[in-house]
Structure formats: structure tokens, C-alpha cells
Amino acid sequence: MTVDKTHPRYESLLFRDKIVKAGEQGLLAPSALISHGRGEAFDYLIGEKTTFPAKRAMYVAIASMIIAENPVISVNGNTTALVIDEIIKLAEELDAKIEINLFYRTPERIEKLAKLYEEHGYPNVLGTDDDDLEYINNLNSPRASASKEGIYTSDVVLVPLEDGDRAEILAETGKKIITIDLNPLSRTSKKSDISIVDNIVRAIPLMIEIAKDLKEENNLKLIQDIINDFNNEDNLQESLQEFKIKEEE
Ligand code: PTJ
């Protein structure tokens, strides 16, 4: 399908089309379209704009990743379909690793996703079946698998669009967990240390710019202050207040 540029909902249709195509290519989980639709509905209610609390959380996320020893960006089918090139750019900017981490893990999807990262200029993606995989907290479930070099030994993990079960497992490890999730009431948003309530398609490009700015400032005290002044619970409450169910005049 080609998306008509003059359509009033062009942007939204474009990303919907990316998800549909990725599904056809076997990159996505069976319920990926449901997750996307749920995201679209939440996005509608925040006016499809990045809110102030979301931006604040992005600064804290980037500050935390800059000073991390082993920062990792965890990617799944939806994230890859929507923002693969931006994720690669962000990883390069932050010197972070990228790890495929699937809720619905199959060897076929892992292989296809790894190949896609390679085709987009990133051959070293972690979390594949060739990788040295460990099980978080000895939970013998594919949902607890993590690369030894990546998530398993990481101190800060960015896990966008994560399912609640995995977020809970990760939160129990003591690592700093950052999520991007349009639902401020999800288990993932509540369990994470830094929850960015925004659409991933807006969040990742903005986070690349924030990373450039903070690195240029090169001010460790500023970075520490950004992290220390943040309270995720308060910020989530503020994010929730951005949801409007009344049409603006
Ligand atoms: O590729 P897999 O196998 O790892 O599966 C990925 C999905 C997303 C299908 C899986 O993790 C899943 O089922 O997730 P949930 O439980 O639907 O949670 C995804 C969350 O992301 C929901 O709260 C959605 O509202 C939110 N979401 C969906 N699209 C976006 C989003 N948040 C930000 N940006 C989006 N574009």
C-alpha cells in the first residue's frame, strides 16, 4: 500500500503501514498489531505530541546511559519495524549495545531480525541464538533469556514497548530499567525506574539530539543533578495528567 501524503493522518498511516509490512515479512509477534493499535489510542489522547514529563524522563534516561558502564538497548519486533535506523544511531551516540529480546521468541524471528540489523549496517546485534545466552535470576524461560555480554551484565537497559512479565523480571535484577511506553498505567511503566510516556517514533529521534547535547556539555555534575532530581512516580502522575478526554476548544 502507498500512503497518500495529503492524508490528514499521513504520519500515523505511514507507521501503521510499516508495522503491517513487517508483519508480512515474519518479523513480528502475532499480537504486534494489537499492541500497536493500543499505542495509537494512547497517543491520540496525548495529542500525538511529546509532553513535558516525557521530555524530562528522556533527559534522565540519556544521562543514565551516558554514565552507565554497559548500557544496552533492547529491541523487539515492533521497535525494529518502527525505528531500526534511529535505534542504531542512538546506540552509536551512546556507545550502547543492541540486543534482540523477544517476548514471543522463535528461531525464525531471531534470524530475520538479526539479518535486518546487519542489512541496516549493524552486524553485532546481541541476543541471537549464536550468542552466549544466560537466564536472568535462573528463570528457565525464553522470557528471561539475556545475552551474557549484553542485558545479563548490563547496568542500564532501555527496553521500549516491553511486556509486563519481562519488565517485572528485569526490574528484579537491580539494573536501572528505562522504558518507552505510551501507557502510563502499564506494569512496565510502573515497574521501570525511568518511564517515558511517548510514542517511540518521536522519542528515539529526540533522545539522539539530547544525547548529542549532553555529551557536548560534558558536565558530570549536570548529568548527576538531572538523575538525582528525578522521581519516576511523580513523573508518571504528571504524564497521566496529560491525557485528555475532552476535545480542546
Ligand atoms: O516482538 P515481541 O515478541 O517481543 O513482542 C512485542 C510486543 C509489543 C507484541 C509485546 O512485547 C507485547 O505484547 O507488548 P504489550 O504487552 O502489548 O505492551 C506494549 C506496550 O507498548 C503497550 O502498553 C502499548 O500501549 C505500548 N506501545 C505500543 N506501540 C507503541 C507503544 N509505546 C510507545 N510507542 C509506540 N509506538
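A residue counts as buried when its relative accessible area is under 20%, and as exposed when that area is over 50%. The exercises below apply this cut-off to a predicted model.

**Exercise 1. Decide whether Met 58 is buried or exposed, and describe its surroundings.**

Step 1. The relative accessible area of Met 58 is 0%, and the cut-off for a buried residue is under 20%, so Met 58 is buried.

Step 2. Met 58 belongs to helix H3, where the buried residues are Pro 53, Ala 54, Ala 57, Met 58, Val 60, Ala 61, Ile 62, Ala 63, Ser 64 and Met 65.

Step 3. When neighbours within four places in sequence are left aside, the contacts of Met 58 are Thr 50, Ile 196, Asp 198, Ala 203, Leu 206, Met 207 and Ile 210.

Step 4. A separation along the chain can be set beside a separation in space: Met 58 and Ile 178 are 120 residues apart in sequence, while their C-alpha atoms are 9.2 Å apart.

**Exercise 2. Check the spans of helices H3 and H1 against a rise of 1.5 Å a residue.**

Step 1. The expected span is 1.5 Å times one less than the number of residues, so the 15 residues of H3, numbered 52-66, should span 21 Å.

Step 2. The end C-alpha atoms of H3 are 21 Å apart, which agrees with that expectation.

Step 3. H1 also has 15 residues, for which the expected span is 21 Å, and its end C-alpha atoms are 21 Å apart, so that the two values agree.

Step 4. In H1 the buried residues are Tyr 10, Ser 12, Phe 15, Asp 17, Ile 19 and Ala 22, and these pack against H2, H4 and H8. After H1 comes Gly 26, which has a positive phi near 80°.

**Exercise 3. Classify two loop residues, Val 125 and Thr 51, as buried or exposed, and list their contacts.**

Step 1. Val 125 sits in the loop between helix H5 (107-119) and strand S3 (133-135); because its relative accessibility is 9%, Val 125 counts as buried.

Step 2. Apart from neighbours within four places in sequence, Val 125 touches Ile 98, Ile 100, Ala 114 and Tyr 117. Between the C-alpha atoms of Val 125 and Ala 146, which are 21 residues apart along the chain, the separation is 12 Å.

Step 3. Thr 51 sits in the loop between H2 and H3, and its relative accessible area of 9% makes it buried. With neighbours within four places again left aside, Thr 51 is in contact with Ile 46, Val 197 and Glu 242.

**Exercise 4. Describe the backbone and the exposure of Asp 95 and Asn 218.**

Step 1. Asp 95 is not a glycine, yet it has a positive phi of about 55°; it lies in the loop between H4 and strand S2 (97-100). Its relative accessible area is 69%, so Asp 95 is exposed.

Step 2. Asn 218, likewise not a glycine, has a positive phi of about 50°, and its place is the loop between H8 and helix H9 (220-228). Because its relative accessibility is 67%, Asn 218 counts as exposed.

**Exercise 5. Which elements give two or more residues to the lining of the largest pocket, and how is that lining composed by class?**

Step 1. The largest pocket holds about 1,100 Å³ of space, and its lining consists of 49 residues, of which Ser 35, His 36, Gly 39, Asn 78 and Leu 161 lie nearest its centre.

Step 2. The elements that give two or more residues to this lining are H1 (10-24), H2 (32-45), H4 (77-94), H7 (187-191) and H8 (200-217). H2 gives the most, with 10 residues.

Step 3. By class, the lining of the largest pocket comprises 20 nonpolar, 15 polar and 14 charged residues.

**Exercise 6. Compare the radius of gyration of the protein chain with that of a compact globule, and describe the chain as a whole.**

Step 1. For 249 residues, a compact globule would have a radius of gyration near 18 Å; the protein chain has 17 Å, which agrees.

Step 2. Taken along the principal axes, the C-alpha atoms fill a box of roughly 55 × 50 × 35 Å, and the chain has 10 helices and seven strands.

Step 3. Of the 249 residues, 50% count as buried. Among contacts between residues at least 6 apart in sequence, 65% join residues at least 24 apart.

Notes. Residues numbered from 1 in each chain as written. Predicted model: local features only at pLDDT ≥ 70, side-chain atom pairs only at ≥ 80, totals over all residues. Heavy atoms only, no water. 1 Å grid on protein atoms, 1.4 Å probe; cavity = no way out; pocket = protein on both sides within 12 Å on 5 of 7 lines; lining within 4 Å. Points joined across faces, edges and corners; volume = space filled by probe spheres on them. Helix = DSSP H or I, 4+ residues; strand = E, 2+ residues; numbered from the N terminus. Nonpolar A, V, L, I, M, F, W, Y, C, P; charged D, E, K, R; others polar. Buried < 20%, exposed > 50% of the residue type's maximum accessible area, 1.4 Å probe, protein only. Rg over C-alpha atoms; globule rule 2.2 N^0.38 Å. Contact = heavy atoms within 4.5 Å.
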